[in-house]
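Here is a short guided report for someone opening this structure for the first time. Keep the sequence and the 3D view side by side as you read.

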Amino acid sequence: MTSVGQSLKRKEDPRMITGRGQYTEDIQLPGMLHAVLIRSTHAHATITSIDTSGAKEHAGVVAVYTGEELAGDFAGPIPMVWAPPGVEINTPEHWPLKRGEVKHVGDPVAVVVATSRGAAFDAAEAVLVRYDAKPAVIDPEKALEDGSPLVWDSFGTNKTHEWAVAGGDFDAALAEAEVTVEARYVNHRVSGAPIEPRCSVAEARADKFTLWSTTQVPHIARFVLGGMLGIPEDKLRVVAPDVGGGFGAKLQVYAEEALVLALAKRLGRPVKWTETRSEHMTTSHHGRDQINHITLTAKRDGTVTGCRARVVADLGAYQQLLTPFIPELGFPVMGGCYAIPSIDLHFTGVFTNKMPTDAIRGAGRPEATYWIELTMDKLARELGMDPLEVRRKNFIRKDQFPFETALGIVYDSGDYHASLDRLLEHFDLDEFRSEQASLREQGIYRGVGFSTWVEVCGLAPSRAVGPQGVGLQAAFYESANVRVTPTGSAIVYSGVSPHGQGIDTSFAQIAGDILGIDPQNVEILHGDTDQGAWGWDTYGSRSLSVGGEALARAARKVQEKAKRICAALLEAAPEDIELEDGKYHVKGYPEKSMTMAEISGAAHIPPNELPADIEPGLEESSFYDPENFVFPFGAHACVVDIDAETGKVTVVRYVAVDDCGPAINPMLVDGQVHGGITHAIGQALYEQIHYDDAGQLVTSTFVDYALPTAAEIPKFETDRTETPSPTNSLGVKGIGEAGTIAATPAVASAVMDALQPLGVEWLDMPFTPLRVYEAIQAAQGGAS
Amino acid sequence: MGATVRIGVTVNGERRESEVEARTLLVYWLRDELGLTGTHVGCDTTNCGACTVHLNGEAVKSCTVLAAQADGAEVTTIEGLAPEGGLHPLQDAFWEKHGLQCGFCTPGMIMAAADLLQRNPSPSDEEIRHGLEGNLCRCTGYHNIVEAVKAAAGKEVSA
């Protein structure tokens, strides 16, 4: 029996449910020091003086440094890696500790190092920083107006860059349109907010450095940090131990990681830094923060002929690793799952005095899905058609795949009608509408919203997104090394770096089936740059479709060698050896068989019968660069109730049909979908990173930044259709971000449906009680 | 460095004594002094519940209790919830039902759920959801956590 397709219990769990996981904060090293940062209290200011003398006198303090004092410790600034051909991106120098000016609240200006974290906090209180405040730039649209104060004088503008892509003739579509729908959407700023705060521990032993860090990207971090600190890559080991959630917030190389390395180098002792939750909200990168101006053109019969988007993205004060690229990352699916003949997209990035934005779960694709889905709803209202009928009319049909969009993107496979049909098997819309009508008579406002979504993921074909493609200065293949031990268990090193996805289990299932080894005896290693080959880490729903495929390819090479060894010892031809139920046997002779343990034993202690052209050992590697992205899709329905007297929105039902190709472990797929949808419900109803007009962050704790609890979230009804991807041999597509990409428009659409009898035409997220209440009051002609 | 206090606490059945700074929070004493790193810190404001332990049999957020307040008390952490080598029904159910992903909130979630089941051995879905609203999870969407607590309800601790 194969293990792929089974809901195996996770191999990760026994240590985690008993408190025996090892997260970065759990690491204690002899002589370890603790760093605490002094951060700007201003959104924009000149540093006029920093007095560290009082702090240095505190008990337990080993050192206090300002940005000026550490300037010589860094060989290079924090990099940004997008260089699109022909486009200049304004990129300010970005150093771990600031010198001269600060550009957002939380910008670090000095560091205290002490023998305990408490002593470091005490001393940090005694560091006196004087600032000369400058005008802060907060609203991205105002930032683009003439005469706005500037975040960076040197650029003479707050515009970071413009980027455009188009296909088909949108102007003609607009000229010929029988119907034109326009809309403006605000997709507000959010935090990734993993429950584990960031933490980094650095150690220097002579010229060898080790950094343990809460990162999704240990390999990328080694490359970047080696450059920033002038440490050769062979002398820098980066380890991601158990990582307590990422959601994109840990897809970054942060100032603090460079800083603890510099401090360990300078002081010759291990240095740990742990983020407070307020620091996370203030200085771990944010996400979203886009304003979208959308135009959709159509015929009277509902056929969409064109779509245009003008995106203004608030990037904050600096360019982190991928900051300016994230809004554009949504572009391949900015036409949704519809056959739209003309698409015209334009992006403008804007500096403001806020923490930079970057990838947060979905990264550009939730924003794209939000506007296309809600504008399809609006088109349906305009035409007086059923919103699902408008969708069906424009869906790319199953027989059109692989489908090349107007932008030249090739959607690999799909069956959008089937996923919507399946959704409606679970969700009886006629019954819902009659229930809705009777509830309205009782003063209960219930609404339903749909989202038929497609995602681009499996980052990425290097040719498409690398230096000669869209211009990321990187490649996105993945590596795997598969090693069978002399006693027949397997040790795999994968270049991906998971943080909750269950890769130790799903990858063991894939490798186990191919090798003929029980997945319980397949150990998946990752996240340690000294243990395996170069990898490109975990983000963009890539681990399975790129890293899993690399693993499968390496495992097949091992299987092939195992068959040669087996054939030689059983005196058969290698092509006659079959793997069945964990045994390698000669075709037609099940009794002539060997287990992997026997074969690997022979590989490691070779008997003389083994031909000399078979090398000893049983270990193979593979590097896999996909030829295309993968495009998971699905259909979601959300039902909400709104209390018109309080404005409170409650999600009462959520049904999701997703298609990520064959599920390696269905239980893990469901788990990813549940979590992804919850992340989106959080953004739609509760979560918002909010800066006031002076640039002070108002939502800097879990008191003000409201993550949903179990009490706010419904149980989920999930189902799957299964359309394999032709891109990889496993047929798999990503599922980690799907729920987050799909769900905000479903929630928003449900809220609008519920509010419709109350006269509310449109409201931006988050749908907090106050906002909903005020919208109802305004629509009813009352005071707002 | 402030004043110090001498404390004696029975942690997971074993008497532990220490001289601690008066301001030391229970969670840091457990983690840094005793090496019981299964109890986690996720926020500074008593919201996330990752630090939940049992103090004299009741769930508390150990980031909001001074170590000194635990003097003379009995504390149970995730490491001591089940006898060595065994699993508490909740631990088993979280594993069985995929009630965890990154695992960071899990110890606190299990300790809070154990307290809930002590007070209410057969809770409804609603009671579970409200009973756990002091514990945040960013990964699971809570669905499988609720399933795990339901599955564990009524089961005895295995020896």
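In which sense do strand 20 and strand 21 of chain A pair, and over how many bridges? The two strands, the latter spanning residues 522-525, pair in the parallel sense over four bridges. Bear in mind that this is a predicted model.

**Around strand 20 of chain A**

Strand 20 of chain A covers residues 490-494. Four of its five residues are buried, so the strand is largely enclosed by the rest of the structure. Towards strand 21 of chain A, Y493(A) has L525(A) as its bridge partner. Strand 20 of chain A also pairs with strand 19 of chain A, residues 478-484. That pairing is antiparallel and has five bridges. There, R483(A) is matched with I491(A). Strands 19 and 20 of chain A form a hairpin with five residues between them. In the turn, G488(A) has a positive phi of about 95°.

The strand pairs described in this report are listed here.

| Strand pair | Sense | Bridges |
|---|---|---|
| Strands 19 and 20 of chain A | antiparallel | five bridges |
| Strands 20 and 21 of chain A | parallel | four bridges |
| Strands 13 and 14 of chain A | antiparallel | nine bridges |
| Strands 3 and 4 of chain B | antiparallel | four bridges |

**A sheet in chain A**

Now turn to an open sheet of five strands in chain A, ordered 7-15-14-13-8. Its pairing is mixed. Which strands stand at the edges? They are strand 7 (159-167) and strand 8 (179-191) of chain A, each paired on one side only. From one strand to the next, the twist averages 10°. Inside the sheet, strand 13 (residues 286-298) and strand 14 (residues 304-316) of chain A run antiparallel. One of their matched pairs is T295(A) with R308(A). Helix 11 of chain A, residues 365-383, packs on this sheet. The helix touches strand 8, strand 13 and strand 14 of chain A. Its direction makes about 145° with that of strand 8 of chain A.

**A helix pair and the nonpolar core**

Helix 17 (residues 543-570) and helix 18 (residues 596-604) of chain A pack with their axes 10 Å apart. What is the angle between these helices? It is about 85°. Angles of 65 to 115 degrees count as roughly perpendicular, and helices 17 and 18 of chain A are therefore roughly perpendicular to each other. From helix 17 of chain A come A562(A), I565(A), C566(A) and L569(A). They meet M596(A), I599(A), A602(A) and A603(A) of helix 18 of chain A. By class, this contact has eight nonpolar, no polar and no charged residues.

Past helix 18 of chain A, P607(A) sits in the loop that leads to strand 25 (619-624) of chain A. Is P607(A) buried or exposed? P607(A) is exposed, with 10 other C-beta atoms within 10 Å. P607(A) and L569(A) are 38 residues apart in sequence, yet 8.9 Å apart in space, C-alpha to C-alpha.

In soluble globular proteins, nonpolar side chains tend to be buried together. Here, the largest nonpolar core has 297 residues. Among those with the most contacts inside it are A35(A), L551(A) and V747(A). V747(A) touches, beyond its sequence neighbours up to four places away, residues including G449(A), C638(A), V651(A), A680(A) and L685(A).

**Chain B**

Chain B has an open sheet of five strands in the order 2-1-5-3-4, with mixed pairing. Strand 2 (14-21) and strand 4 (58-61) of chain B stand at its edges. Each has a single partner strand, so one side of each is left without a neighbour in the sheet. Neighbouring strands here are turned by 40° against each other on average, direction ignored. Strand 3 of chain B covers residues 52-55. Its L55(B) stands opposite E58(B) in strand 4 of chain B.

Helix 3 of chain B, residues 106-119, holds A114(B). A114(B) is buried, with 23 other C-beta atoms within 10 Å. Leaving aside neighbours within four places in sequence, A114(B) is in contact with L81(B), H88(B) and L90(B). A114(B) and P89(B) are 25 residues apart in sequence and 9.2 Å apart in space, C-alpha to C-alpha.

**Where the chains meet**

How many residues does each chain bring to the contact? Chain A brings 48 residues and chain B 44 residues. On the side of chain A that touches chain B, helices 1, 4, 9 and 19 of chain A each supply at least two residues. Helix 19 of chain A gives the most, with seven residues. By class, this side of chain A has 21 nonpolar, 17 polar and ten charged residues.

Definitions and conventions:
Residues numbered from 1 in each chain as written. Chains lettered and ligands numbered in written order. Predicted model: local features only at pLDDT ≥ 70, side-chain atom pairs only at ≥ 80, totals over all residues. Contact = placed C-beta atoms within 7 Å. Nonpolar A, V, L, I, M, F, W, Y, C, P; charged D, E, K, R; others polar. Pairing = 2+ DSSP bridges. Axes fitted to C-alpha atoms, helices over the stretch in contact; angles between N-to-C directions. Core = buried A, V, L, I, M, F, W, Y, C linked by C-beta atoms within 7 Å. Buried ≥ 20, exposed ≤ 12 C-beta atoms within 10 Å, placed from the backbone. Parallel < 35°, antiparallel > 145°, perpendicular 65-115°, else oblique.
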